[in-house]
Amino acid sequence: MDKLHSLRPVLSVGGLSVSFFQHTVIHNVTMDVPKGGIAVIVGRSGSGKTTLLRAINRLNEEMPGCRTEGQVNLLLDGESVAVYPGRGERSIPVAELRRRVGMVFQTPQVFPVSVYRNLAMPLSVAMGCPRSELDDRVQDALRQADLWNEVSDRLEMPAERLSGGQQQRLCLARALALRPDMLLLDEPTASLDVRAARHVEELLMSLSERLSVIMVSHGLAQSLRLASFLAVMESGTLVRTLDEVAGMEEKDLEKMFEGAQMHP
Amino acid sequence: MKHSIPFLCFRLLTGFSAALVPTMVCVLMGYLLMRGVPVMGKELLFGSTPPLDAVFGRAPVWDGLWPACVGTFWLVVLTMLLALFPGTGCGIFLAELASPLQKKILGAAVDMLAGMPSIVMGLFGFMLILLLRHTILPDANTGLLLAAGCLALLVLPVLAASTREAMNAVPRSLRLAAAASGFSRSQALFHLFLPAAAKGILGGVVLAVGRAAEDTAVILFTGVVANAGLPAGLFGKFEALSFDIYYVSSQYQNQQELLHGFGAAALLLGISCLLLAIARLLEGSFRRKWQGKA
Ligand SMILES: Nc1ncnc2c1ncn2[C@@H]1O[C@H](COP(=O)(O)OP(=O)(O)O)[C@@H](O)[C@H]1O
Ligand SMILES: [Mg+2]
């Protein structure tokens, strides 16, 4: 890959504002997320992290009263794609966008069907994947999410019976099965115990070598462990971005929060 | 911890109310079965006609309940065939697709229809036949199809309302997760939301079946008679258990006939249970197919 190419940001947000029923939740956010590693968005609860993340795959539109302004550009498969295209720009169908940008939620959102169907249904219904390929792709995705060994003999079991950590990895597998170019993760370990959380973290680290990962985190320690790029949100605005967190400690980050509060 | 007196009273009252329902169910069912089961048998169903001849319609049944059973069965099945799709369709539209204004107007219409007394629905069917006779169809007469149509109108709001509630109960988080997986709205509706709401919709079907099986007022005006034999077709007169019960209890001349009424009531209960079991089996097999591998 040439130098110029690798310098292009995987995610570039310009003047993004999101409001629900005239109440502005995200104010004029502008940032470029470089390629490689995990980009982490931190901030207090209610600071608009989830909304910012959902602006990337247009999921805010599923909520009533939403209005989005500004630009979001993604680098998908080496090609720049405008999520909110202006006049004359090439647009991408929203279903395709969401397939190519997988998402995992704060609490595991498994579909109320079997483990197998959880992965096979989006593949066959949303993507039109031929039946003959389903088994291979399901198995492949479950392996990537390090879940295959645990569920290979229980594929017919209702997914709701898996443990919380397994459910979250199933959701990860469901996103991976669609072979996305980018993963969006909204506090993926918030509802898990420490061991399950570490397991997911390790998975994300290894996945980030192959695809772009953008993650909202609730913990400073976790952010420092995982982030290669850090964005700090406060009351709907972006207060800081950091391209380097090596050597930083939690208290340095905390200071940044306090600083943001002093100068709103 | 010490509870206050009002709280204790409240506890007592709610406990009493909770116990009241199962008690009444047991008393009712017990009484019905106690009186109905002893008369149950070949005699009650087929009178003096050989059962096989009666079942295959080779010989008429004079003083048995078999024709009424068949009549009620077909009445309910026809009603559900007519009402199931429009009812659930209306509910889905209300929950998923309607604009706020449409929700208001359509919702009001559904509520109004739900509040309509069944006797009015029967009268409506009767007037329809009169109208047809005076205009395009001089030979039009009341019959099974008309009765099922009017009953369908009666259960339509039940189905629509319960479908709407079941769809509204599909959690927002599931909707978001489906959208995030790249499902279009209609794909998500057919493959995820509808199956997830199937149990609630079945609840509405149960109510509708019960309502169609027990209603007497509608069929009174639309083609039920006391002695029609097996239904002669979609446009023929028919017998029905609910009407038989009503008829017997108002006209009985001896204890034996009254007992027939109890037998009919127990049979009606049985037929309702049978139809519900069929509905539940269908839902169960559908659910397994949806949740399973294939
Ligand atoms: N669908 C919505 N409708 C109205 N307000 C919303 C909606 N989603 C989020 N908000 C508001 O936006 C703000 C930020 O929410 P969110 O993005 O979930 O924050 P975070 O993820 O950082 O906790 C909150 O004040 C919340 O009330
Ligand atoms: Mg959040």
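An oxygen atom of ligand 1 sits 3.0 Å from a polar backbone atom of Gly48(A). That is a handy way into this predicted model, where chain A holds the ligand site and a few residues worth a look. After those come chain B, an all-helix chain with twelve helices and zero strands, and one of its threonines, Thr88(B), in helix α4.

**Around ligand 1**

- Lys49(A) joins in through its side chain, with an N or O atom there 2.9 Å from an oxygen atom of the ligand.
- Thr50(A) also points a polar side-chain atom at ligand 1, and the distance to a ligand oxygen is 2.5 Å.
- On its own, ligand 1 has 560 Å² of accessible area, and the protein covers 63% of that.
- The residues surrounding the ligand include the run from Arg44(A) through Ser45(A), Gly46(A), Ser47(A), Gly48(A), Lys49(A), Thr50(A) and Thr51(A).
- Phe20(A), Val25(A) and Met63(A) are part of that surrounding set too.
- Which element gives the largest share of this shell? Helix α2 of chain A (residues 49-56) does, with three residues.

**Glu187(A), a buried acid**

- You'll find Glu187(A) in the loop that links β7 (182-186) to α8 (194-207) in chain A.
- Does this buried residue count as paired or unpaired in terms of a salt bridge? Glu187(A) has no salt bridge, as the nearest oppositely charged side chain, that of Lys49(A), is 4.1 Å away, and the cut-off is 4 Å.
- Its side chain does make a polar contact, at 3.3 Å, with the side chain of Gln106(A).
- Setting aside residues up to four places away in sequence, Glu187(A) touches Lys49(A), Gln106(A), Val216(A), Ser217(A) and His218(A).
- Lys49(A) therefore turns up twice: among the residues around ligand 1 and, given the 4.5 Å contact cut-off, among the residues that Glu187(A) touches.

**Two positive phi angles in chain A**

- Most residues other than glycine have a negative phi, which makes the next two worth checking by eye.
- Asn28(A) is not a glycine, yet its phi is positive, at about 45°.
- Asn28(A) belongs to strand β2 (residues 23-33) and is exposed, with a relative accessible area of 55%.
- Asp77(A) also has a positive phi, near 55°.
- The loop between β4 (66-76) and β5 (79-82) is where Asp77(A) lies, and at 63% relative accessibility the residue counts as exposed.

**Thr88(B) in its helix**

- Thr88(B) is in helix α4 of chain B, which spans residues 66-97.
- Is Thr88(B) buried or exposed? It counts as buried, because its relative accessibility is 13% and the limit is 20%.
- The Thr88(B) side chain reaches back to two backbone oxygens: that of Leu84(B) at 2.7 Å and that of Phe85(B) at 3.3 Å.
- Beyond its neighbours within four places in sequence, Thr88(B) is in contact with Leu159(B), Thr163(B) and Ile201(B).

**Chain B overall**

- The chain's C-alpha atoms fill a box of roughly 65 × 65 × 40 Å along the principal axes.
- Of the 294 residues in chain B, 41% are buried.
- Among contacts with a separation of 6 or more, 70% link residues 24 or more positions apart.
- About 16000 Å² of chain B is exposed, and 72% of that comes from carbon and sulfur atoms.

Notes: Residues are numbered from 1 along each chain as its sequence is written. Chains are lettered from A and ligands numbered from 1 in the order in which they are written. This is a predicted model: local features need pLDDT of at least 70, side-chain atom pairs count only at pLDDT 80 or more; totals for chains, interfaces and linings use all residues. Side-chain values use heavy atoms; hydrogens and water are left out. Helices (H or I, at least four residues) and strands (E, at least two) are DSSP runs, numbered from the N terminus. Buried means under 20% relative accessible area, exposed over 50%, partly exposed in between (1.4 Å probe, protein chains only). Lys and Arg count as positive and Asp and Glu as negative; His and the chain ends are not counted. A polar contact is a pair of N or O atoms within 3.5 Å; within protein, one must be able to donate a hydrogen and the other to accept it, and residues adjacent in sequence count only if both atoms are side-chain atoms. A residue is near a molecule or strand if one of its heavy atoms lies within 4 Å of it. Accessible areas come from the Shrake-Rupley method with a 1.4 Å probe; for residues, only the protein chains shown count as cover.
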